[in-house]
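Got your viewer open and a selection box ready? Load the model below and follow along, one stop at a time.

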Amino acid sequence: MRVMMNNWDVRGGVSDFWHYIRAPRPHRWAFWTATIAVTLAVFYGIATNIVRTEEPKAQIIYFENWTAGRSTDEVNAGWIERAKDVNRANAIRRAEYQKLADRMGVDYDSSEADKETRETLGAEADTVVKAPEPPKHSTLAERAARGPKAAPAAPAPSATPAPTAR
């Protein structure tokens, strides 16, 4: 194998291919035309469809029409309202992360962020950030403290004897 790979000579293969192509066959030029046309059509299709260059569409950007005579207090009130909206969204997201962390058993501490949210939103923060619900399952120690479950009572025997078949 090593000897075969060291002696590369492609001249024989190329000359055989050239003689095969040059041999007179009745439909040689028709086949060559068809194969070249199909190959060019495939390459053209790939070239035009693989890299799509779409013209960017016109983008309309709307902005609020503020009056020129707005006071500084009105501007600040708008900023504060937008900041409160962002804080509400972040508080909801933190609550979801807290639920996920509780389910996975991972420590997640958002107390600093919750404190900042309470400072920003005030009393509204308690309605946005709800305390996580305690787990619904009980621990082994709690079950042992409650004692064993009482077995369901057996049905009371009826006073009349059941009829017998004769």
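**Stop 1: the whole chain**

Colour by secondary structure and you get seven helices and zero strands, where helices (H or I, at least four residues) and strands (E, at least two) are DSSP runs, numbered from the N terminus. Along the sequence, that reads α-α-α-α-α-α-α. Keep in mind that this is a predicted model, where local features need pLDDT of at least 70 and side-chain atom pairs count only at pLDDT 80 or more, while totals for chains, interfaces and linings use all residues. Residues are numbered from 1 along each chain as its sequence is written, and side-chain values use heavy atoms, with hydrogens and water left out.

Of the 166 residues, 10% count as buried (buried is under 20% relative accessible area, exposed over 50%, partly exposed in between, with a 1.4 Å probe and protein chains only).

**Stop 2: helix α5**

Select residues 111–121, which make up α5. Which residues are buried here? They are D114, T117 and L121. Looking down the axis of α5, those buried residues fall within an arc of 60°, so they line one face of the helix; the arc is that of the directions from the helix axis to the C-beta atoms. The general rule is that an α-helix has 3.6 residues a turn, so residues three or four places apart point the same way. Spin to the other side of α5 and you find E112, E116 and E119, which are exposed. Right after α5 comes G122, with a positive phi near 75°.

**Stop 3: R88**

Now jump to R88 in helix α4. R88 is buried, at a relative accessible area of 19%. Draw a distance from its C-alpha to that of T120: you should read 9.7 Å, for two residues 32 apart along the chain.

**Stop 4: the aromatic pair**

There is one aromatic pair in the structure (rings of Phe, Tyr and Trp, the last by its six-membered ring, pair if their centres lie within 6.5 Å; planes under 30 degrees apart are stacked, over 60 edge-to-face, the rest tilted). Show Y97 and Y108: the ring centres are 6.4 Å apart and the planes meet at 55°, so the pair is tilted. Y97 belongs to α4 (residues 72–104) and Y108 to the loop between α4 and α5, so the pair ties together parts eleven residues apart in sequence. Y97 is partly exposed, at 45% relative accessibility, and Y108 is also partly exposed, at 30%.

**Stop 5: the second largest pocket**

Finally, select F17, Y20, I21, A23, R25, H27, R28, F31, W32 and T35, the lining of the second largest pocket. About 170 Å³ of space lies in that pocket. Which helix gives the most to the lining? That is α3, with four residues; α2 (11–22) and α3 (28–50) each supply at least two.

While you are there, zoom in on R25, which lies over the face of Y20, 4.1 Å from the ring centre (a charge sits over a ring if NZ of Lys or CZ of Arg is within 6 Å of the ring centre and within 35 degrees of the ring normal).

Notes
On a 1 Å grid over the protein atoms alone, a cavity is a set of points where a 1.4 Å probe fits but cannot get out, and a pocket is an open set with protein on both sides within 12 Å along at least five of seven lines; lining residues have an atom within 4 Å of a point. Grid points are joined across faces, edges and corners, and a volume is the space filled by probe spheres set on the points.
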